[in-house]
Amino acid sequence: LTFCPLSCSSGSAEWNASADLEDENVPIFQRVDKVNRIFKPQASDLGLETHLSGKSYKQSRGPNVFEIVPYVLIDNALKCTLKGLDVEVTGNDLDKMVELRVISYGPELLHDEKTRIFEKGFRGKGAVASGKSGSGIGLHLANRIVKLFKGSITVEQAVSERRGGLLLTEFVVRLPVL
């Protein structure tokens with residue numbers, strides 16, 4: 001019996017909220033490390049590197065699908081950044097949280113787009129103008145999964161840090177720990 005948390009009956013991937021997702025204790029940093037290692041060859045082919053740092057040993061409670069979150073964030077970072085501008089991934093234990101950060105250079109987000117990019121099907125003007133492919137589903141799905149963990153996901157950009165028309169962009173995921 002195979003479980004698939006996605007429902008594709010209408011031709012587009014959508015979270016199947018009625019699926020029976022059992023909560024488990026999930027080792028977050030271990031899952032992030034796994035996904036980061038999967039992306040190493042792709043990053044190398046693009047003339048990029050992904051760097052994982054930090055120490056996290058705590059677990060969070062939620063469905064055993066967390067790998068989708070770092071997958072979406074790292075995939076987007078690699079898709080958007082320029083050759084030679086690496087992707088930094090960190091994972092650290094905070095007091096009652098585990099925190100994941102994915103830092104790269106990406107297209108500028110207008111103020112109202114910083115929350116809208118987590119809406120299903122929405123893509124920022126900068127992302128659309130870049131000509132890079134995207135459906136607006138990945139960040140929506142990542143956000144839904146983070147909420148199942150009772151966590152948060154945000155994005156910030158440093159307008160003073162611009163390279164090749166891209167801004168330093170940092171996605172931050174915070175999850176409560178056991």
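This tour moves through two aromatic pairs and then one strand residue in a predicted model.

Begin with the aromatic rings, of which the structure holds 3 pairs. Select Phe39 and Tyr71, whose rings form a tilted pair with 4.9 Å from centre to centre and 45° between the planes. Colouring by secondary structure will help here, because Phe39 belongs to helix α1 (residues 28–45) and Tyr71 to helix α2 (residues 68–80), so that the pair ties together parts 32 residues apart in sequence. With a surface switched on, compare the two partners: Phe39 counts as buried at 2% relative accessibility, whereas Tyr71, at 42%, counts as partly exposed.

Next, select Phe118 and Phe171, which form an edge-to-face pair, with the centres 6.4 Å apart and the planes at 90°. This pair also links distant parts of the chain, since Phe118 sits in the loop between α3 (113–116) and α4 (125–130) while Phe171 lies in strand β9 (residues 166–176), 53 residues apart. Phe118 is buried, with a relative accessible area of 9%, and Phe171 counts as buried as well, at 12% relative accessibility.

Finally, move to Ile103, which is found in strand β7 (residues 97–106) and is partly exposed, its relative accessible area being 21%. Which residues does Ile103 touch, if those up to four places away in sequence are not counted? Show Asp86, Val87 and Glu88, and then Leu168, Thr169 and Glu170, as the residues that Ile103 contacts. For Val87, which is 16 residues from Ile103 along the chain, a distance drawn between the two C-alpha atoms should read 5.8 Å.

Note on methods:
Residues numbered from 1 in each chain as written. Predicted model: local features only at pLDDT ≥ 70, side-chain atom pairs only at ≥ 80, totals over all residues. Heavy atoms only, no water. Phe/Tyr/Trp six-rings, centres within 6.5 Å; stacked < 30°, edge-to-face > 60°. Helix = DSSP H or I, 4+ residues; strand = E, 2+ residues; numbered from the N terminus. Buried < 20%, exposed > 50% of the residue type's maximum accessible area, 1.4 Å probe, protein only. Contact = heavy atoms within 4.5 Å.
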